[in-house]
Amino acid sequence: MTLDRTEIRPFRIDIPQADLDDLHDRLARTRWSAQLPGTGSERGVSVAYLTELAEYWRTGFDWRAQEAALNEFPQFITEIDGLDVHFLHVRSPEPDATPLILVHGWPNTFVEFTKTIGLLSDPRSHGLDPAQAFHVVVPSVPGFAFSDGPTEPGMTPGRVADMFLVLMDRLGYERFGAQGGDLGAYVAPELAIAAPDRVIGVHLDGGIGIPTEADVPTMSADERAEWDLMQQWMTGVDHHALLRVAPQTFAHAWTDSPVGLLGWLMHKFDEFTYLAERAEDVMDRDDLLTNVSLYWFTNTAGSSSWPMYNGLGADGRFGWPKGQKQVPTGVYGGGSALMLRLAERDNTIAHWPEGNTGNHFVAMEKPQMHVADIRAFFAKLH
């Protein structure tokens, strides 16, 4: 009998022990670089910090415990457009729950949402109003974790959205909400653009209303002062430039050296955590290492780079998510009057709160606040 790969097939994470032993062996044999002149993270992730973190990854981090915890979530694989797509599907015990797809970012994985899934799908057991419950679907974006990577040029957020529409159709969800941050903030609006009759609303962590050089001529004096201040904040390693120009070159090192991969991913997580010195000051260390471990075990440091080399702009270069007016949009982070003005130009803003706190990956850092904001947005749409 021929296997129908478009069927939804159960999946469990089961990393071979040989792969785990190989990781520990490579970590034990790390050839460390000398610390460059400077203080702290002035030149990048310091040798002292990375040495300690790598040793914890080798001797203190319990992958099997994390693997078992991830396997508590029902997981599946189905083939869409020739690629196996991995996803979590957690149905709510509440019969009138709203289907909701959560789209993770880079350099994250589906681990981004593990602390919010239960709050969204089973609010009653967490002391929340059960009238606002969700059937939660968390796909691994193609090229990330257990989803196949693109086999030809041209993967874009729009193509990912088309694949996820097929996924939601296979799950029997005709109408649903969409949520995402980082890369997910590009994919979620594309779902609404492709199928406005199916998407109830789009909730984003941020990424819209951010001014560009093209907006400067329209700015007031106060807005121009805000723009000038923004330029001082936009610093750090330009991963878009690096992974647009030579993703294959860097992937060789990240695929061969776990410490190289650890240093790169932690550098980016630290940069994305701009309100703290280090990511693990506000996010659980084991969650961060679970994410890094998934990149290592699935060999996806290279395949996950497609958003940078051919996906986020008309010419393959960086660009902010494009807006859509077909369905309502809500934004966790809100922003200034300037950002709201620009966001309303290209989006139908239904939710722009003030006072929400957090860094780039708020679902990992502040899961309860993140869930509360998602619930507040979708409550407005009923």
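**A guided tour of cores, cavities and a pocket**

Begin by selecting F110, F164, L191 and L262: of the 101 residues in the largest nonpolar core, these four touch the most other members. Helix 10 provides the largest share of this core, eight residues. The coordinates on screen belong to a predicted model.

Keep L191 selected and display its surroundings. Leaving out residues up to four places away in sequence, L191 touches I101, A161, F164, L165, F176, A178 and V199. F164 thus appears both as a partner of L191 and among the four residues that touch the most other members of the core.

Apart from the largest core lies another, of five residues; select V216, M219, W227 and L342, which are among them.

**Cavities**

Turn next to the enclosed space. Rolling a probe the size of a water molecule over the atoms shows where empty space is left. Over the whole structure, a search returns two cavities of 30 Å³ or more.

For the largest cavity, select W106, P107, L243, W254, L261, W264, L265, Y295, A301 and S304, which form its lining. The space inside amounts to about 40 Å³. By class, the lining comprises nine nonpolar residues, one polar residue and no charged residues. Helix 10 is again the element to colour, as it gives the most to this lining, with three residues.

For the second largest cavity, select L20, L23, H24, W57, F61, W63, S293 and F297. The volume here is about 30 Å³. Six of the lining residues are nonpolar and two are polar, with no charged residue present. Helix 1 (17-28) and helix 11 each supply at least two residues of this lining, and helix 1 gives the most, with three.

**T290 in helix 11**

Stay with helix 11, which spans residues 285-298, and select T290 within it. Is T290 buried or exposed? Its relative accessibility is 1%, and T290 therefore counts as buried. Show side chains and examine the pair T290 and Q66: their side chains make a polar contact at 3.3 Å. Beyond its neighbours within four places in sequence, T290 is in contact with F61, W63, Q66, L70 and V111. Two of these names, F61 and W63, will be familiar from the lining of the second largest cavity.

**The second largest pocket**

Move on to an open site, the second largest pocket, with a volume of about 450 Å³. To centre the view, select S33, V45, V47, L50 and G263, which lie nearest the centre of the pocket among its 20 lining residues. Then colour helix 2 (47-59) and helix 10 (258-272), each of which supplies at least two residues of the lining. Which helix gives the most to the lining of this pocket? Helix 10 does, with five residues. The lining contains nine nonpolar, nine polar and two charged residues.

**A337 in helix 13**

Finish at A337, located in helix 13 (residues 337-346). With a relative accessibility of 64%, A337 counts as exposed, whereas T290 counts as buried. Add G209 to the selection and draw the C-alpha to C-alpha distance: A337 and G209 are 9.6 Å apart in space, although 128 residues apart in sequence.

Notes:
Residues numbered from 1 in each chain as written. Predicted model: local features only at pLDDT ≥ 70, side-chain atom pairs only at ≥ 80, totals over all residues. Heavy atoms only, no water. Helix = DSSP H or I, 4+ residues; strand = E, 2+ residues; numbered from the N terminus. Buried < 20%, exposed > 50% of the residue type's maximum accessible area, 1.4 Å probe, protein only. Polar contact = N/O pair within 3.5 Å; in protein donor to acceptor, adjacent residues only side chain to side chain. Contact = heavy atoms within 4.5 Å. 1 Å grid on protein atoms, 1.4 Å probe; cavity = no way out; pocket = protein on both sides within 12 Å on 5 of 7 lines; lining within 4 Å. Points joined across faces, edges and corners; volume = space filled by probe spheres on them. Nonpolar A, V, L, I, M, F, W, Y, C, P; charged D, E, K, R; others polar. Core = buried A, V, L, I, M, F, W, Y, C linked by side-chain atoms within 4.5 Å.
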